[in-house]
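Student: I have a structure to study. Can we go through the ligand and its surroundings step by step?

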Amino acid sequence: MCGIIGFAGKTDAKSVLLDGLERLEYRGYDSAGIAVVSSKGELQVEKSKGRLAVLRELVAADKSVSGNVGIGHTRWATHGEPNDVNAHPHVGEAGKIAVVHNGIIENYLEIKNSLIRKGVTFQSDTDTEVIVQLLEYYYKKYDDIMDAVYKVLSRIKGAYAMGILCSDYPEQMIAARKDAPLLIGYGDESNYIASDVTALLAYTRMVTYMEDDEVAVITAKSVQIYDSDRNILNMEQHTVDWDIAAAEKGGYTHFMLKEIMEQPEAVKKTISPRLENGQIVMEELSKVPDLMQNITRIYIVACGSAYHVGMIGKYVIEKLLHIPVEACLASEFRYSEPVLGEKSLVIVISQSGETLDSMAALREAKRKGSKVLSIVNVMGSSIARESDIVLYTWAGPEIAVATTKAYSTQMVLLIMLGVYFAKQQGLIEEQEYQKVIDSLLELPEQMTEVLKNLDTYQKIASRYFNHNSIFFIGRNLDYALGLEGSLKLKEISYIHSESYAAGELKHGTISLIEPGTLVVALATYAPLVEKSLSNIVEVQSRGAEVIALVTQETAATIKERVPEIFAVPQTHPILQPMLGMIPLQLFAYYVALNRGCDIDKPRNLAKSVTVE
Ligand code: G6P
C-alpha cells in the first residue's frame with residue numbers, strides 16, 4: 001500500500017524518483033509527490049492529487065526542483081481524503097524536514113494534540129504529518145537529526161516504512177522500518193530506498209531488505225544501517241534475479257493481459273524445478289523433514305485471490321490427506337481465536353509477502369506453536385522471512401493490481417504440495433500419482449492452447465459487458481474457481497457479481513434470477529459435472545442467460561442447451577481449475593475493456609495491502 005522511492009546520488013534525483021514512482025504506482029495511485037534537497041540545503045516539494053502524470057507535469061513546469069538527494073511517494077489514502085495537501089511528502093512547520101511514509105501511526109491523534117498544545121499548526125489530515133512535525137520538534141531540541149529520529153521512533157506506535165530528508169544534511173536520506181516493507185538498493189555512486197524491488201530494477205539488483213526497528217543513513221557513497229540501540233549492523237546483500245523486461249508492458253496494452261499471457265511460462269518455472277525423474281521434489285521441506293508427522297489439521301490463510309487459492313487447496317488437500325483443511329481469510333483468522341498448536345500446520349499464501357493481515361495471522365500461528373509454511377512470490381519479503389518454510393512461486397514481478405499469474409502459480413504449487421504430502425504419507429496410489437505428474441508436465445502447453453481463443457472470450461465479453469449484475473455458480477473446485485472469476489470481474493469492471501456454490505442457489509439466491517440475468521456456470525470438475533449441468537437447467541428455467549465453462553468433452557453435449565461456451569481441455573480433476581481460470585480472467589479483462597475501465601489500476605484498490 002503506497003509506494004516509496006528514495007535516491008542519493010551524483011545526478012539529479014527527480015528523474016529517478018518519477019521513474020521509480022511510475023513503477024510503484026500499482027501500490028496506490030490517488031496522489032503522488034517528491035521532495036529533493038539541493039546541495040545548498042534547500043528543500044523543495046512538489047505533490048498533487050491524481051495520477052503520476054499530473055505530478056510529472058508539475059515537476060516539469062517547476063525548474064526549481066533540483067537536487068541530488070530526494071524521496072518520492074505514491075499514495076493509497078488511509079487517513080485523510082486524496083488531495084494535494086494530504087499527498088506525501090509532508091514537510092514540518094520549519095520547512096526543514098520532509099517525510100514519506102507507508103503504514104499507519106496508531107497514536108497519531110494523541111501526538112498531534114500534544115504538538116498542537118505546544119503551538120504546532122498542522123496542514124493535513126494525515127497520520128504521517130505527526131512524524132514530520134515531531135521530528136522537527138525534537139530536531140530543534142537536540143540539534144541532531146539521528147537523535148530526533150530515534151526519539152520519534154520511540155514515541156510512535158504502529159507500522160511504518162519511511163524516508164526522511166533534512167535540509168541541514170543535504171547529502172543524506174534516512175530510512176526507517178517497522179512492519180512495512182522497505183529495502184535499500186546499491187548502485188554506482190548512488191544508493192536507493194524503495195518499498196518494492198520493482199522500483200529499483202532499472203538501477204540495481206543488489207539490495208538489502210531492512211528489518212523491523214532498523215534505521216539506515218544513505219548517501220551517494222555510503223549506507224549505514226543501525227539497530228534500535230543505534231549499534232551499526234552488518235548488511236546482508238541479496239541479488240535480485242528479476243528481469244526489468246518482466247516489469248514492463250512489452251507491447252501489450254495492459255500489464256494484466258501481458259501477465260495472463262505469461263502464465264504458461266510462469267507455471268512452468270514454478271513446476272519444473274520441483275519435478276525430478278517423475279517425482280515431486282520439495283527441497284525446501286528438507287529444513288523440517290518431519291513437518292507432517294503429527295499434523296492433524298491444516299489452515300490455509302490468505303487474502304483476496306490468494307484466499308481463493310486456499311479454497312482450491314482446501315478441496316484438494318483434504319481429499320488427499322484425509323485431515324481437516326480450512327481455508328481462512330487472514331483478516332478473520334487473526335481475531336477468531338483459531339485452535340492452533342503443534343498439531344496444526346498453517347499455510348500462508350501471499351504474492352507480495354507483505355499483506356498485513358496475512359502477516360499478522362502468521363505471527364499468531366507461530367505464537368501459538370504452529371509451524372508456518374508460506375507460498376510467496378516476492379523473495380525476501382516479510383512473510384517469506386518469518387515463515388518456517390517458504391515455497392516460492394516463480395511468477396516474476398506482477399504489476400497489474402488484479403492478480404493472474406501469481407494466482408495460477410500459487411494454485412499449482414499448493415496442489416503439488418498436497419500431492420507431495422500424500423505421496424510421502426502413502427496416501428496416493430502410484431498410478432494416480434503418475435497421472436498427476438503427467439498432467440503437470442502437460443499443463444503449460446494446455447494453458448497455451450486455452451490462451452489461443454482470445455477471440456471467443458472477446459466476443460462473449462462484448463455481448464455481455466452491459467450487464468450490471470452477474471452470478472458465478474459451481475460445485476467443489478468449480479465453486480472455488482468461481483470465487484476468483486467473480487472477484488476478477490468485480491475488481492476491474494466494477495460490475496456487481498456474486499459467486500455461489502451451485503447447490504446452495506436454491507436456498508435463497510435463486511430468487512434473484514430473472515429473465516436476462518447472466519449466470520456464468522462452471523462445470524469442469526469431472527466428478528460433479530452432471531449435478532452442475534442440472535443447476536444450469538435450473539437457472540435457465542428461470543430465464544437466466546448462461547455462459548458455461550466446461551471441458552471440451554462436455555462442450556458437445558451441452559452446446560444445444562447453452563449457446564455461449566468457454567471450453568477448455570481436460571486435465572487431472574485436481575488441476576482442472578488451472579485451465580478453467582484462463583477464460584474467466586480474460587472474460588473479466590475484455591468486459592472491463594469494453595466498459596472503458598482503467599484495467600491495471602482499478603479504482604480504490606492497491607496491489608499490496610500493508611494496512612489492516
Ligand atoms: C490485494 C490485491 C489482490 C491480492 C490480495 C492479497 O487485495 O488486490 O489481488 O490477492 O491483496 O495479496 P497478497 O500479496 O497477499 O497475495
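**The ligand and its pocket**

Tutor: Helix 8 (residues 304–321) gives the largest share of the shell around the ligand, three residues. Helices here are DSSP runs of H or I with at least four residues, and strands are E runs of at least two, numbered from the N terminus. This is a predicted model: local features need pLDDT of at least 70, side-chain atom pairs count only at pLDDT 80 or more, and totals for chains, interfaces and linings use all residues. Residues are numbered from 1 along each chain as its sequence is written, and side-chain values use heavy atoms, without hydrogens and water.

Student: What makes the pair of the ligand and Thr355 a polar contact?

Tutor: A polar contact is a pair of N or O atoms within 3.5 Å. An oxygen atom of the ligand is 2.4 Å from an N or O atom in the side chain of Thr355, so the pair counts as a polar contact. An oxygen atom of the ligand is also 3.0 Å from a polar backbone atom of Ser305.

Student: Which residues come nearest to the ligand?

Tutor: Of the 14 residues around the ligand, Ser305, Ser350, Gln351, Ser352 and Thr355 come nearest. A residue is near if one of its heavy atoms lies within 4 Å.

Student: Where does the ligand sit?

Tutor: The ligand sits in the largest pocket. To sit there, more than half of its atoms must lie within 2 Å of the pocket's grid points. A pocket is an open set of points on a 1 Å grid over the protein atoms alone, where a 1.4 Å probe fits, with protein on both sides within 12 Å along at least five of seven lines.

Methods
A polar contact is a pair of N or O atoms within 3.5 Å; within protein, one must be able to donate a hydrogen and the other to accept it, and residues adjacent in sequence count only if both atoms are side-chain atoms. On a 1 Å grid over the protein atoms alone, a cavity is a set of points where a 1.4 Å probe fits but cannot get out, and a pocket is an open set with protein on both sides within 12 Å along at least five of seven lines; lining residues have an atom within 4 Å of a point.
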